[in-house]
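Dear colleague,

I am passing on the structure we spoke about, so that you have it in front of you while you read my notes. Please look through it at your own pace before turning to what follows.

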Protein chains: 2
Amino acid sequence: MNEYTFEQLSIGQKETFEVTVTSEMEDAFRKLTGDVNPLHQEDAFAKAVGNGKFDSHVTFGMLTASFYSTLAGVYLPGKFSLIHSLEIKFQKPVYAGNRLTVTGEIVDKEEGLGLILVKAQIQNQDKKTVSKANMKIMCLSQDKQ
Amino acid sequence: MNEYTFEQLSIGQKETFEVTVTSEMEDAFRKLTGDVNPLHQEDAFAKAVGNGKFDSHVTFGMLTASFYSTLAGVYLPGKFSLIHSLEIKFQKPVYAGNRLTVTGEIVDKEEGLGLILVKAQIQNQDKKTVSKANMKIMCLSQDKQ
């Protein structure tokens, strides 16, 4: 886990990691949230309502968005992270078995508030962007630990 | 699960449900995401960096935000939901044991795109708002199912 303090972070700094989505993860997310929507479970339903856009059931967008939590809490800035707010846009479906690359880059720093602004994205194994996010992340004070 | 079509939904329509966050849910989210940040696990660390703001370790913001997936996929609109994008702002810490009320209200409909705009919030058992979200949700066509 990275342990960057606000002062150690600079605009342009990037972090990236990979994760493979599995059907076990989909089951875990369904159990966690109670989101039993058939789009995320039933291939025939997803194909029918997707009007040719979906190959099979689609992974929960908010499951893949949960990796933005990992990006902040483990990588950028890591240990002293507290997510303040984020905007997420879903652009392409993700399926179980897809290998995702999660990337974030610091695009601004708000000195007074100790906030970093991170432009983040998730790409699939075909280098297609499946979601984008703008994140405001507070850097907690390491002096207080 | 609700099965509202785009045509059946109207501005001002509200849905709500309750959920209690548990430490088992925190463990499941940690395992799912790999976000091993100590703020979400170690009481002493959270108290120290929180500078008096945190009573104990804090639940992952993105775990509580995952209930916005449930709001869309089960309640508003339910079965024909596909989240297009959302903005989330975290306002107060959530702790294991907190009872959350998740509420969404349709504030606009975009006829051409079949999108509903939902203003959502999560309150804790003390009626304090812990997060707010603006969600754009596509209503998939039921004709195609």
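Below is what was found, beginning with the relation of the chains and ending with one residue. Please keep in mind throughout that this is a predicted model.

Symmetry. A turn of 180 degrees, combined with a shift of 0.0 Å along the axis, lays chain A on chain B with an RMSD of 0.0 Å, and this is the relation of a two-fold axis. Within chain A, the C-alpha nearest that axis belongs to E87(A), at 2.1 Å from it. Both copies use the same surface, in that 100% of the contact residues of chain A recur in chain B.

The contact between the chains. Chain A contributes 43 residues and chain B likewise 43 residues. On the side of chain A that touches chain B, at least two residues each come from α1 (23–33), α2 (43–50), α3 (61–65), α4 (67–75) and β2 (81–90) of chain A, and β2(A) gives the most, with ten residues. By character, the residues of that side of chain A are 24 nonpolar, 14 polar and five charged.

The sheet. Ten strands make up an open sheet with antiparallel pairing, in the order β1(A)-β3(A)-β4(A)-β5(A)-β2(A)-β2(B)-β5(B)-β4(B)-β3(B)-β1(B). Because β1 (14–20) of chain A and β1 (14–20) of chain B stand at the edges with a single partner strand each, one side of each is left without a neighbour in the sheet. Neighbouring strands of the sheet are turned by 20 degrees against each other on average, direction ignored. Where the chains meet, β2(A) and β2(B) run antiparallel and are joined by five bridges, while inside chain A the antiparallel pair of β2(A) and β5 (129–139) is held over nine bridges.

Lysine 89 in the two chains. K89(A) has S85(B), in β2(B), as its bridge partner, and K89(A) also stands opposite K132(A) in β5(A). Its counterpart K89(B) is found in strand β2 of chain B. Is K89(B) buried or exposed? With 17 C-beta neighbours inside 10 Å, K89(B) counts as partly exposed, since 20 or more would make a residue buried and 12 or fewer exposed. Apart from neighbours within four places in sequence, K89(B) is in contact with S85(A), S131(B) and K132(B); of these, S131(B) is 42 residues away from K89(B) in sequence but 5.5 Å away in space, C-alpha to C-alpha.

With kind regards

Key:
Residues are numbered from 1 along each chain as its sequence is written. Chains are lettered from A and ligands numbered from 1 in the order in which they are written. This is a predicted model: local features need pLDDT of at least 70, side-chain atom pairs count only at pLDDT 80 or more; totals for chains, interfaces and linings use all residues. Two residues are in contact if their C-beta atoms, placed from the backbone, lie within 7 Å. Helices (H or I, at least four residues) and strands (E, at least two) are DSSP runs, numbered from the N terminus. Ala, Val, Leu, Ile, Met, Phe, Trp, Tyr, Cys and Pro count as nonpolar, Asp, Glu, Lys and Arg as charged, and the others, Gly among them, as polar. Two strands pair if DSSP finds at least two bridges between them. Axes are lines fitted to C-alpha atoms, for helices over the stretch in contact, and angles run from 0 to 180 degrees between N-to-C directions. Copies are superposed by least squares on the C-alpha atoms of residues with pLDDT of at least 70 in both.
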